[in-house]
Amino acid sequence: MTTQRIIDFLNTRRPDGPCMVLDLDIVRENYLGFEKALPQSRIFYAVKANPAPEILHLLASMGSSFDTASVAEVEMALNAGATPDRISYGNTIKKERDIKRAYEYGVRLYAVDSVEEVEKVARAAPGSRVFCRILTDGAGAEWPLSRKFGCVPAMAGDVLRVAHQLGLHAYGVSFHVGSQQTDLTSWDRALEEAKTVFDDLASDGIYPSMVNMGGGFPTRYLKDVPTAQAYGEAIFESLSKHFGNRLPETIIEPGRGMVGNAGVIKAEVVLISRKADNDNVRWVYLDIGKFGGLAETMDEAIRYQIVTSHDGGETEPSVLAGPTCDSADVMYEKTPYPLPVSLTIGDEVLIEGTGAYTTTYSAVAFNGFEPLRAYII
Ligand SMILES: *Cc1c(COP(=O)(O)O)cnc(C)c1O
């Protein structure tokens, strides 16, 4: 969403080069929206989506907790004012010495998806709470998280049993239905599986009490997406369906849904050309590409809304590419992007919905291009 504040900032500051401008008012609205949609759930903002200190500080002041994936992210959350009891170390792949450092900072909540990881947590963070991540297929997600994280529900029972035996608190189960998930029923399938793990453990007298429902809440790109309210209702219904009136504590970990629509990238058209006189697609090269922050265009997974000052006029299909000398630096080619015929070299364009997974995906100096600058306003 390009807010008036963002437009005014760009018009008065006129920053040179590509940059991401993010309006904190939108983040505030998103946080309140999640709180309203899922009033029983604790919100752990997924720091990796955008770790700008201003964002973390705002969310900490609003009462948010934080999902972190490294010691550096734990430190960022602490520096933003979060107390350690509001930090989850949610990565299932941690070095034992990093677990120890997080433990020394006071973090007592860890994700696991294997007995091997449980053993590390038991040694480095004794007595802590652990939750076991279960696999989901990511169906319906535009940015599926595939099979890298989680184990099958039957194994999750064993993982949590070992945790219990090793003196950890077998706290619960987590899942992530895939990022940019627009299928409301995917939480239902995951919650059903989470309940099987609860039942499995109950037969051994172990009673987990928490379900971490992960992220996946979408940002609007080209197509409309359901509101946070719609997600909240669907999830609450599924929780009641599977857990009856013994509802577990729940956590959500929105990343994209918290910050995606709050940021806009300003970019510039560097070249418009064709590969042959009779070529029926144009190539439009921007001063930002896959290595400058638009990594989620990989496999053309995320299709951003691009706004130009010529919108409304006739369009033609364009291959959209970045400025680096790597042939992988093409954003949209299989499905060319309709851009105005009158677009010209030197024009500025706005790439909307780029508040999440952009600044941190930008390379440090590939081809000498500086990392994506961010202005948090
Ligand atoms: C990345 C991540 C999230 C955030 O996912 P979004 O789809 O951006 O909401 C939440 N939880 C975990 C464990 C993650 O790795």
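A pocket, as the word is used here, is an open set of grid points where a 1.4 Å probe fits, with protein on both sides within 12 Å along at least five of seven lines, and its lining residues are those with an atom within 4 Å of a point. With that in mind, note before selecting anything that the structure in the viewer is a predicted model.

Begin with the largest pocket, and select K48, A69, R133, L145 and F149, which lie nearest its centre among the 35 residues that line it. Next, colour strand 3 (65-68) and strand 6 (129-133), the elements that give two or more residues to this lining. The space in the largest pocket comes to about 740 Å³, and if its lining is coloured by residue class, 14 residues fall out as nonpolar, 13 as polar and 8 as charged. To place the pocket in the overall fold, show domain 1 (90-254) and domain 2 (261-376) in two colours: both give residues to the lining of the largest pocket, and it therefore lies between them.

Keep the domain colours on and move to the second largest pocket, where about 410 Å³ of space is found. Here the residues to select are N30, P218, T219, R220 and N261, which lie nearest the centre of a pocket lined by 21 residues. The elements that give two or more residues to this second lining are helix 2 (24-37), helix 9 (228-243) and helix 10 (256-259), and helix 2 supplies the largest share, with 4 residues. By class, the lining of the second largest pocket divides into 9 nonpolar, 8 polar and 4 charged residues. The second largest pocket also lies between domain 1 (90-254) and domain 2 (261-376), because both domains give residues to its lining.

For the last stop, leave the pockets and select helix 5 (residues 96-104) together with helix 6 (residues 115-124), whose axes come within 9 Å and cross at roughly 40°. Since an angle from 0 to 180 degrees counts as roughly parallel under 35 degrees and as roughly perpendicular from 65 to 115, this crossing makes helix 5 oblique to helix 6. Turn the view until one of the two helices is in front of the other, and the handedness of the crossing of helix 5 and helix 6 can be followed: it is right-handed.

Note on methods:
Residues are numbered from 1 along each chain as its sequence is written. This is a predicted model: local features need pLDDT of at least 70, side-chain atom pairs count only at pLDDT 80 or more; totals for chains, interfaces and linings use all residues. Side-chain values use heavy atoms; hydrogens and water are left out. On a 1 Å grid over the protein atoms alone, a cavity is a set of points where a 1.4 Å probe fits but cannot get out, and a pocket is an open set with protein on both sides within 12 Å along at least five of seven lines; lining residues have an atom within 4 Å of a point. Grid points are joined across faces, edges and corners, and a volume is the space filled by probe spheres set on the points. Ala, Val, Leu, Ile, Met, Phe, Trp, Tyr, Cys and Pro count as nonpolar, Asp, Glu, Lys and Arg as charged, and the others, Gly among them, as polar. Domain bounds come from an automatic or database domain assignment. Angles under 35 degrees count as roughly parallel, over 145 as roughly antiparallel, 65 to 115 as roughly perpendicular and the rest as oblique. A crossing is left-handed if the near helix is turned anticlockwise from the far one by less than a right angle, and right-handed if clockwise.
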